Amino acid sequence: SMLYGYNLAVVNSPAQFIKDFYNETLTEFYDWTPNESHLTVLYSVTVSIFAIGGMMGSLLVGRLVTKYGRKGTLVRSSVLVFTGGAMMGLSRWLQMPLMVILGRFITGIHSGISLSVVPMYLGEIAPKNLRGFLSLIPSMHICLGVFIAQVLGLHETLGKEEHWPLLLSLVVFPTMVQVMLLPWFPESPRYLLIEKGNVHATIAALKWYRLKENINAEVEEMQEEQQSLSSIQTVSVCSLLTDRCCFTIERVGRRPLMIGGFLFMGLCCAGITISVLFQTQLDFMRYISVGCVVGIIAGFCIGPAGVPFLITAELFKQSHRPAAYIVAGCLNWLSNFTIGFVFPFLELAMGPYCYLIFCAICLGVAVYTFFIIPETKNKTFMEISRMFATRNSLLKEEVLPNGHCKMAVMNSYGTLGHH
């Protein structure tokens, strides 16, 4: 998660150095002198290609987590960081601008995979009373990655022209730590039991994660979900999108974090517009604009950075979860690409007023969350499933003429099949 935050922000500080590198290399080796518009487009591609890679990575999540597991996918995808980091680090020495763009694309694929798999992994290994807290760990590390990229991008650290390839390739060092530590962690117990049917490995993993807790109730809850999914195959993205009952689950969430985070971000976006407009008349407005930028990062860390991925883990059963993460990841990365590519031109056209667009979006999401989304704190996956059924008046027991009970079994959240 920290690598995702770092890669989001690391290209901001050396923007002019990267443009100069493109200009010098294209002029000297390719006999083409780009103008300022061409350089802006090339830089926008450099920024936004990361999101294209992320979207491609999110499309691979369903197949990877089913085949290799949650932890196995994270370990194997680390090779992408070493490849992309090496390409960006060697780009200036080899005088190849394309290596910067390809390196960003490859690291984007890794971030697309990780941004979906990490919350899925944490959501499945966490006890229900800690699931909300653990959902904030990725968002905290995303913000930490953004902060580290901004600090290292200062002129006093690595923000010099000769150091920008090193700044882009530093992602390989925290990845080394991950590769050394992560293989020692057990696989997700839910994956081991529900998808692999390995009870002994599930109990061993739960004992590793729950040192002093009784795991029997948790194993029974997993087996209950496994039985409810016994007649259901892992769904594809198309099946998920065409299952109209699945869309009733969007009425779930972690209200306080989402509302507070988006409200704070919206107010800070409006604050940037106001402070930039009046900073020529009032000197202290510059400090307010800096405070608003920090406030946006803080508001993002409060809830919007991590809670949506937790919601995705909570809303869907094991059979639907990989496809749901693919859809959520694609939407996230498509938005990232749009902003990364369009924002430089949007800023030129609208100036400081461009932040009002983001202010309206943030306030709109906060209002939607306040009126639509209820709370699901401290509930197991099966309890959330039953809550949807109750909300939709679907959880019924019908007595058949022969006296047997007609049982309703959930095949996706809010969707019941009778046996």
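The largest cavity lies between two domains, because domain 1 (1-184) and domain 2 (248-398) both give residues to its lining. The model is a predicted one, and the spaces described here come from the computed coordinates. Rolling a probe the size of a water molecule over the atoms shows where empty space is left. With a lower limit of 30 Å³, the count comes to one cavity, and this space takes up about 80 Å³.

Who sits around that cavity? The lining is made up of P119, L122, G123, A126, R131, L134, S135, P138, G306, F309 and L310. Three helices each put in two or more of these residues: α5 (97-125), α6 (131-152) and α15 (307-315). The largest share goes to α6, with four residues. Sorted by class, the lining of the largest cavity comes out as seven nonpolar residues, three polar ones and one charged one.

Next come the pockets, and here the second largest pocket is worth a look. Its volume is about 730 Å³. A total of 24 residues line this pocket, and those closest to its centre are S1, V118, H141, Q178 and L182. The elements giving two or more residues to the lining are α1 (2-9), α5, α6 and α8 (172-181). Among them, α5 gives the most, with eight residues. Two of these helices, α5 and α6, thus turn up around the pocket as well as around the largest cavity. As for the make-up of the pocket lining, 18 residues are nonpolar and six are polar, with no charged residue in the set. The lining of the cavity, by contrast, does hold one charged residue.

Aromatic rings give another view of how the chain is put together. Searching the whole structure turns up 12 aromatic pairs. One of the pairs joins F21 and W164: the ring centres are 5.2 Å apart and the planes meet at 55°, so this pair counts as tilted. The pair ties together distant parts of the chain, with F21 in helix α2 (residues 15-29) and W164 in helix α7 (residues 164-169), 143 residues apart. Are these two partners buried or exposed? Both F21 and W164 are buried. Elsewhere, ring pairs go on to form a cluster, made of Y4, F50 and W333. Y4 falls within the span of α1 (2-9), a helix that also helps line the second largest pocket.

Notes: Residues are numbered from 1 along each chain as its sequence is written. This is a predicted model: local features need pLDDT of at least 70, side-chain atom pairs count only at pLDDT 80 or more; totals for chains, interfaces and linings use all residues. Side-chain values use heavy atoms; hydrogens and water are left out. On a 1 Å grid over the protein atoms alone, a cavity is a set of points where a 1.4 Å probe fits but cannot get out, and a pocket is an open set with protein on both sides within 12 Å along at least five of seven lines; lining residues have an atom within 4 Å of a point. Grid points are joined across faces, edges and corners, and a volume is the space filled by probe spheres set on the points. Ala, Val, Leu, Ile, Met, Phe, Trp, Tyr, Cys and Pro count as nonpolar, Asp, Glu, Lys and Arg as charged, and the others, Gly among them, as polar. Domain bounds come from an automatic or database domain assignment. Rings of Phe, Tyr and Trp (its six-membered ring) pair if their centres lie within 6.5 Å; planes under 30 degrees apart count as stacked, over 60 as edge-to-face and the rest as tilted. Buried means under 20% relative accessible area, exposed over 50%, partly exposed in between (1.4 Å probe, protein chains only).
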